[in-house]
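Visitor: Could you take me through one part of this model slowly? I'd like a close look at the place where the two chains come together.

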Number of protein chains: 2
Amino acid sequence: MAPVGRPRSDASHAAILKATYELLQEEGLARLTLDKVARRAGASRSTLYRWWPSRGAIAMEATLDTINREMSLEPQGDNALAEYRRLLKSVARAMRGGTGAIIAGILAECQRDPETLRLYKEKLVGPRRAEIMPLLQRGLADGSIRADVSPQTILDMTFGAIYHQLLLHIPTEDAWMDGVIDILVNGIAAKPSR
Amino acid sequence: MAPVGRPRSDASHAAILKATYELLQEEGLARLTLDKVARRAGASRSTLYRWWPSRGAIAMEATLDTINREMSLEPQGDNALAEYRRLLKSVARAMRGGTGAIIAGILAECQRDPETLRLYKEKLVGPRRAEIMPLLQRGLADGSIRADVSPQTILDMTFGAIYHQLLLHIPTEDAWMDGVIDILVNGIAAKPSR
């Protein structure tokens, strides 16, 4: 999200993102408008429209830091699968709060605005996957994850399970996340068929 | 979605649902309005507003038959896991077409309209799960699915994986669905840890 036009003032930039984040938590993305953000931040409408092409873009920029902080991957020397389990439980916890509702709102906005979808993939999905991938590849390399599964499909399934609960407004409880991880690791077949 | 007010005329009811389905395929749910449906169907606006509380409600009613037909569960005497695999592949195929885009639109609408979410759970998620559940329970009973997994979590994970692709506009290819089912059945651990 490179700035367009004159350079941003850091102070008003921060005030605008703070106002956006507050409005997202209070009313959700579906009710956000750049006008409301301008009023709350005491910024001019034209400034906002010059800096951000859409409410999807400003919502993403306002939440990205929080999302990245809440779902951090801090290696602790565990084996890869144990570390992945720990990461997913921190994601599940983050998703139970306001961040989960904001992500559900961004996913909804992606269905009506292709530019928001593009930004979501570029700014959030891509970097998160690039961060997690070495962990799964370590598991593949050390033989703890079997060699014939696709790490991409593992990520589709785990984040998919979380999206499912978010979109149906079902809390991502720790016990539920444990059940997901157990199935992911061990499968559901009584006797493995491979 | 019981009719409100005077009984519906079957002919105009069918014309309205047909018009809705066409508009959903042409423009998506985010651009649907009851006014557009009324114009296309040659129905009065007041009739529509009396029969359907929201665009989410009319979209759901217009697509439910198609969704149920495209994702049908026809028992063929296979074991439970083979039958579940067959069902999921038919779902993946259905989701690659217009129906997938419509479901993504309904999921988006659920984020801004609680009544659409309620209807989606009541009319679609609930009945689909009730239909699939006996299949998973048969697998639990005959010992092909291990006894300590929750059938609900199995469904969260499989439909979650599909939602993930739908919302990010990634086609649900057969080979991808096979990979999801393989992980679901066999897990990702090289050696099962249970």
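Guide: Sure, here is a walk along the contact between the chains, followed by a few spots away from that topic. Keep in mind that this is a predicted model.

Let's start with how the copies sit. Turn chain B by 180°, with 0.0 Å of shift along the axis, and it lands on chain A with an RMSD of 0.0 Å. The two copies are therefore related as by a two-fold rotation axis. They also use the same surface for each other, as 100% of the contact residues of chain B recur in chain A.

How much area do chain B and chain A bury between them? The figure is about 4500 Å², and 62% of it lies on carbon and sulfur atoms. Three residues stand out here: Gln111(B), Met157(B) and Ile188(B) supply 17% of the area that chain B buries against chain A, more than any other three residues. If you'd rather count residues, 49 residues of chain B are in contact with 49 residues of chain A.

Now for the polar side of things. Between chain B and chain A there are 24 residue pairs in polar contact, and the count of salt bridges between these chains is 2. One salt bridge to look up in the viewer joins the side chains of Arg146(B) and Asp182(A), with 2.9 Å from N to O.

Which helices of chain B help to build the side that touches chain A? Helix H6 (98-112), helix H7 (114-141), helix H8 (151-167) and helix H9 (174-186) of chain B each give at least two residues to it. H8(B) makes the largest share, with 12 residues.

While you're looking at H8 and H9, check the loop between them. In chain B, that loop holds His169(B). This histidine has a positive phi of about 55°, although it is not a glycine. His169(B) has a relative accessible area of 45%, so it counts as partly exposed: that value falls between the 20% and 50% cut-offs. Over in chain A, His169(A) sits in the loop between helix H8 (151-167) and helix H9 (174-186). Its phi is positive too, at about 60°, and again the residue is not a glycine. With 45% relative accessibility, His169(A) is partly exposed.

Next, take a look inside each chain. In chain B, go to helix H2 (residues 34-41), where Leu34(B), Val37(B) and Ala38(B) are buried. They cover an arc of only 100° around the axis, so they are on the same side of H2(B). What do the buried residues of H2(B) pack against? Their partners are helix H1 (10-27), helix H3 (45-51) and helix H4 (55-70) of chain B. Just after H2(B) comes Gly42(B), which has a positive phi of about 65°.

In chain A, find Thr63(A), which is part of helix H4 (residues 55-70). Is this residue, Thr63(A), buried or exposed? Its relative accessibility is 1%, so Thr63(A) counts as buried, since the cut-off is under 20%. Its side chain reaches the backbone oxygen of Ala59(A) at 2.7 Å. Leaving out residues up to four places away in sequence, Thr63(A) touches Tyr21(A), Leu24(A), Ile102(A) and Ile106(A).

Technical notes. Residues are numbered from 1 along each chain as its sequence is written. Chains are lettered from A and ligands numbered from 1 in the order in which they are written. This is a predicted model: local features need pLDDT of at least 70, side-chain atom pairs count only at pLDDT 80 or more; totals for chains, interfaces and linings use all residues. Side-chain values use heavy atoms; hydrogens and water are left out. Copies are superposed by least squares on the C-alpha atoms of residues with pLDDT of at least 70 in both. Contact means heavy atoms within 4.5 Å. Helices (H or I, at least four residues) and strands (E, at least two) are DSSP runs, numbered from the N terminus. Buried means under 20% relative accessible area, exposed over 50%, partly exposed in between (1.4 Å probe, protein chains only). A polar contact is a pair of N or O atoms within 3.5 Å; within protein, one must be able to donate a hydrogen and the other to accept it, and residues adjacent in sequence count only if both atoms are side-chain atoms. The arc is that of the directions from the helix axis to the C-beta atoms. Buried area is the accessible area (1.4 Å probe) that two parts lose on being put together, summed over both. A salt bridge is a side-chain nitrogen of Lys or Arg within 4 Å of a carboxyl oxygen of Asp or Glu.
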